[in-house]
Amino acid sequence: MKLYNVTWNKSDAVIESANFVLENYNYLEANVTDTADSSGIEGANVSVFNSEDELSESGLTNSSGYLKMVLLEFMQNSSGKYVEGNYTVNTTKVLYDEDSRQVNMSGNVWIDVGLTLLVNYWNCTSGTYNFS
């Protein structure tokens, strides 16, 4: 059974069937913006790694700089409970600095990530030079 965005007393769960698995998931929402003007950064890569440094989830932000992911908090079966709740979130975008932070998924998490442009470049669309 998979539960999403549910708050309950997890210590009350007793699983007796060897075939039953309970998984509890929560939402990670990321808002990625440019530190210069607070505009959303489209196409920023948000990668989430579990406590064993294994990739759990990744995706790209939309045109507003927003991305929503579902991450496992814990899994329980007849053998016991296995907590997965601590993750490392890495955010990257070409020409920008990187951001890395720790999150605990014991509930839903919202993160605001500000990235700073690293280089000067010519904007072919507007015909302007960006001085950072």
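A nonpolar core, as the term is used on this tour, is a set of buried Ala, Val, Leu, Ile, Met, Phe, Trp, Tyr and Cys residues joined through side-chain atoms within 4.5 Å. Keep that in mind, and keep in mind too that you're looking at a predicted model.

**Stop 1: the whole chain**

Start with a cartoon view and no selection. You'll find 11 strands and zero helices, so colouring by strand number is handy, given that strands are numbered from the N terminus. Going along the sequence, the pattern reads β-β-β-β-β-β-β-β-β-β-β.

Now switch on the surface. The protein's accessible surface is about 7,900 Å², and carbon and sulfur atoms account for 48% of that. Of the 132 residues, 33% are buried. As for how the chain meets itself, take the contacts between residues at least 6 apart in sequence: 47% of them link residues at least 24 apart.

**Stop 2: the core**

Select Leu28 and Ile111. In the largest nonpolar core, which has 20 residues, these two touch the most other members. Which strands feed this core with at least two residues each? Colour strand 2 (22–34), strand 3, strand 5, strand 7 (86–92) and strand 9 (109–115) and you have them. Strand 9 gives the largest share, four residues.

Stay on Ile111 and show what surrounds it. Setting aside neighbours within four places in sequence, Ile111 is in contact with Leu28, Glu29, Ala30 and Asn31, and also with Val89, Arg101 and Val103.

**Stop 3: the four-stranded sheet**

Next, bring up strands 4, 3, 7 and 8. In that order they make an open sheet, with antiparallel pairing. At the edges sit strand 4 (55–60) and strand 8 (99–104), each paired on one side only. From one strand to the next, the twist averages 20°.

If you like to see what holds such a thing together, turn on backbone hydrogen bonds: strands of a sheet pair through them, either parallel or antiparallel.

Zoom in on strand 3 (residues 45–49) and its partner, strand 4: five bridges join this antiparallel pair. For one of these, pick Val46, whose bridge partner in strand 4 is Gly59.

The loop between strand 3 and strand 4 is worth a click as well, as Asp53 is found there. Asp53 isn't a glycine, yet its phi is positive, about 60°. Is Asp53 buried or exposed? Its relative accessible area is 60%, so Asp53 is exposed.

For a second residue of this kind, go to the loop between strand 2 and strand 3 and select Ser38. Ser38 has a positive phi of about 65°, again without being a glycine. With a relative accessibility of 57%, Ser38 counts as exposed.

**Stop 4: an asparagine on the edge strand**

Go back to strand 8 and pick Asn104. Why does Asn104 count as partly exposed? Its relative accessibility is 38%, and partly exposed covers what falls between the buried limit of 20% and the exposed limit of 50%.

Show its side chain and look for polar partners. One polar contact, at 2.7 Å, goes to the side chain of Asn86. Another, at 2.8 Å, joins Asn104 to the side chain of Ser106. Beyond four places in sequence, Asn104 touches Gly85, Asn86 and Val109. If you want a distance to draw, try Asn104 to Thr88: C-alpha to C-alpha they are 8.9 Å apart, with their positions 16 residues apart in sequence.

**Stop 5: strand 5 and its partners**

Select strand 2 and strand 5 together. They run antiparallel and 10 bridges join them. One place to look is Leu22, with Gln76 as its bridge partner in strand 5.

Then add strand 6 (residues 80–83), which is antiparallel to strand 5 and joined to it by four bridges. A hairpin of two residues links strand 5 to strand 6. Across this pair, Met75 stands opposite Tyr82.

**Stop 6: Asn77**

Finish on Asn77, in strand 5 (residues 66–77). Is Asn77 buried or exposed? Asn77 is buried, as its relative accessible area is 19%, and the limit for buried is under 20%.

A polar atom of the Asn77 side chain lies 2.8 Å from the backbone nitrogen of Ser79. Leave out neighbours within four places in sequence, and the contacts of Asn77 are Ile15, Phe20, Val21 and Tyr82. You've met Tyr82 already, opposite Met75.

Technical notes: Residues are numbered from 1 along each chain as its sequence is written. This is a predicted model: local features need pLDDT of at least 70, side-chain atom pairs count only at pLDDT 80 or more; totals for chains, interfaces and linings use all residues. Side-chain values use heavy atoms; hydrogens and water are left out. Two strands pair if DSSP finds at least two bridges between them. Axes are lines fitted to C-alpha atoms, for helices over the stretch in contact, and angles run from 0 to 180 degrees between N-to-C directions. Buried means under 20% relative accessible area, exposed over 50%, partly exposed in between (1.4 Å probe, protein chains only). A polar contact is a pair of N or O atoms within 3.5 Å; within protein, one must be able to donate a hydrogen and the other to accept it, and residues adjacent in sequence count only if both atoms are side-chain atoms. Contact means heavy atoms within 4.5 Å. Accessible areas come from the Shrake-Rupley method with a 1.4 Å probe; for residues, only the protein chains shown count as cover.
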